[in-house]
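This report goes through side-chain pairing, packing and surface features. The structure it refers to is shown next.

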Amino acid sequence: MTPIEAFERARRRSAVWIGVGLLLMAAVYVRALVFTPVEAVQGLAQKIFYIHVPSAWVAFLAFGILGVTSAVYLFLKDPRVDLFAASTAEVAMVFTTAVLVTGPIWGKPIWGTWWTWDARLTLTLFLWFVVLGYLVLRTAVHEPGQRARYSAVLGILGALLVPFIHVSVYLFRTMHPMPVVLRPGKPTLPGAMLATLLFSFAVFTLFFVALLWHRYALARLADARARAEAERADA
Amino acid sequence: MPDNGGFTVAAYIAAAVIYLGYAIYLVRGGRAKG
């Protein structure tokens with residue numbers, strides 16, 4: 001099997017898993033909206049939690065992977081690692097966008113405002129701009145080695161923001177609630193709500209893996225086609 | 001209990017548009033330049 005055939009196969013397989021992820025996402029919607037109790041104080045708006053928090057978890061996971069792969073690239077200088085990091089950054093951008101869209105829609109009914117410039121919200125917006133800068137940088141620099149090196153440095157800087165965002169609710173005065181699951185001690189969420197949240201965590205993570213797999217297969221496919229074309233031109 | 005279900009519907013639709021939109025974009029080939 002040629003590399004192009006192998007990446008075409010990976011592309012088809014990952015597309016199936018993206019479909020599975022979307023079906024499971026629909027199941028999260030049904031479970032969260034229909035079968036999970038309504039929180040007494042916040043009312044129905046609290047249900048935004050089941051998509052907002054898993055989106056944030058996956059976004060932070062993606063930035064963690066971006067930071068690690070960027071550091072690995074700087075050591076190995078392997079173009080495949082650079083392509084993987086770039087794929088992770090694009091998918092991270094999507095999940096961070098979902099966090100920044102669903103957060104204000106939850107904030108308006110509960111805080112009375114769409115946005116406040118507190119530490120967690122502002123740092124998350126900065127993170128979004130860092131990954132936007134990463135993706136713009138990749139289109140602006142054409143020499144592959146230079147593009148990969150600059151991107152890797154920016155990827156590491158973006159990943160360094162994530163731990164600050166997670167602990168920002170402890171370090172600064174903020175309107176954003178404290179963690180209820182990823183915190184010291186046991187989760188403070190009632191059982192039925194915790195089960196829905198964990199189901200949502202699992203589905204969002206699977207969906208992320210499928211998207212990343214597909215995005216990476218596309219990148220490798222484009223790379224393999226460009227190499228084959230260059231070889232044909234040389235011959 | 002506050003009547004704020006409209007915000008929930010809006011947030012769920014917004015998330016669906018973002019994720020479904022990106023999934024369709026990617027399966028149709030994306031930018032694929034790396």
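A salt bridge is taken here as a side-chain nitrogen of Lys or Arg within 4 Å of a carboxyl oxygen of Asp or Glu. The model is a predicted one.

**Salt bridges**

By that criterion, E90(A) and R215(A) form a salt bridge through their side chains, with an N to O distance of 3.0 Å. E90(A) belongs to helix α3 (residues 79-111) of chain A and R215(A) to helix α6 of chain A, so this pair ties together parts that are 125 residues apart in sequence. Because buried means under 20% relative accessible area, E90(A) is buried at 10%. R215(A) counts as buried too, at 3% relative accessibility.

Over all chains, the structure holds 5 salt bridges. Another one of them joins the side chains of E8(A) and R225(A), at 2.6 Å from N to O. E8(A) is in helix α1 (residues 3-34) of chain A, while R225(A) is in helix α6 (residues 191-234) of chain A, so the pair ties together parts 217 residues apart in sequence. R225(A) is partly exposed, with 38% relative accessibility.

D78(A) and R80(A) also form a salt bridge, and their closest N and O atoms are 2.8 Å apart. D78(A) is buried, at a relative accessible area of 17%, whereas R80(A) is partly exposed at 46% relative accessibility. As background, side chains of opposite charge can pair when their charged atoms come close.

The three salt-bridge pairs described above are listed here.

| Acidic residue | Basic residue | N to O distance |
|---|---|---|
| E8(A) | R225(A) | 2.6 Å |
| D78(A) | R80(A) | 2.8 Å |
| E90(A) | R215(A) | 3.0 Å |

**The nonpolar core**

The largest nonpolar core has 55 residues, and of these F95(A), F207(A), L211(A) and Y19(B) touch the most other members. At least two residues of this core come from each of α1, α2, α3, α4 (119-140), α5 and α6 of chain A and from α1 (5-27) of chain B. The largest share, 12 residues, is supplied by α6(A).

Which residues does Y19(B) touch, not counting residues up to four places away in sequence? They are M25(A), S55(A), V94(A), F95(A), A98(A), F204(A) and F207(A).

One of these partners, S55(A), is placed in helix α2 (residues 49-76) of chain A. S55(A) counts as buried, with 1% relative accessibility. Setting aside neighbours within four places in sequence, S55(A) is in contact with F95(A), A98(A), V99(A), F204(A) and Y19(B).

**Aromatic pairs**

The structure holds 14 aromatic pairs over all chains. One of them is the edge-to-face pair of F49(A) and Y50(A), with 5.3 Å centre to centre and 75° between the planes. F49(A) and Y50(A) are both buried.

F49(A) also forms an edge-to-face aromatic pair with W106(A), at 6.1 Å centre to centre and 65° between the planes. This pair links distant parts of the chain: F49(A) is in helix α2 of chain A and W106(A) is in helix α3 of chain A, 57 residues apart. W106(A) is buried, as is F49(A).

A single aromatic cluster is made up of F95(A), F204(A), F207(A), F208(A) and Y19(B). Y19(B) therefore appears both in this cluster and, because it is buried and joined through side-chain atoms within 4.5 Å, in the largest nonpolar core.

**Surface patch**

On the surface, F164(A), V167(A), Y170(A), L171(A) and F172(A) form a nonpolar patch with about 510 Å² of accessible area together. Y170(A), one of the patch residues, is found in helix α5 (residues 144-171) of chain A. Y170(A) counts as partly exposed, at 43% relative accessibility.

**Chain B**

Chain B has 1 helix and 0 strands. The C-alpha trace of chain B spans about 50 × 15 × 10 Å along its principal axes. Of the 34 residues in chain B, 44% are buried. The exposed area of chain B is about 1,900 Å², with 67% of it supplied by carbon and sulfur atoms.

Technical notes: Residues numbered from 1 in each chain as written. Chains lettered and ligands numbered in written order. Predicted model: local features only at pLDDT ≥ 70, side-chain atom pairs only at ≥ 80, totals over all residues. Heavy atoms only, no water. Helix = DSSP H or I, 4+ residues; strand = E, 2+ residues; numbered from the N terminus. Buried < 20%, exposed > 50% of the residue type's maximum accessible area, 1.4 Å probe, protein only. Contact = heavy atoms within 4.5 Å. Patch = residues over 30% accessible without salt bridge, like charges linked within 9 Å, V, L, I, M, F, W, Y side chains within 5 Å. Areas by Shrake-Rupley, 256 points an atom, 1.4 Å probe, with all protein chains shown as cover. Phe/Tyr/Trp six-rings, centres within 6.5 Å; stacked < 30°, edge-to-face > 60°.
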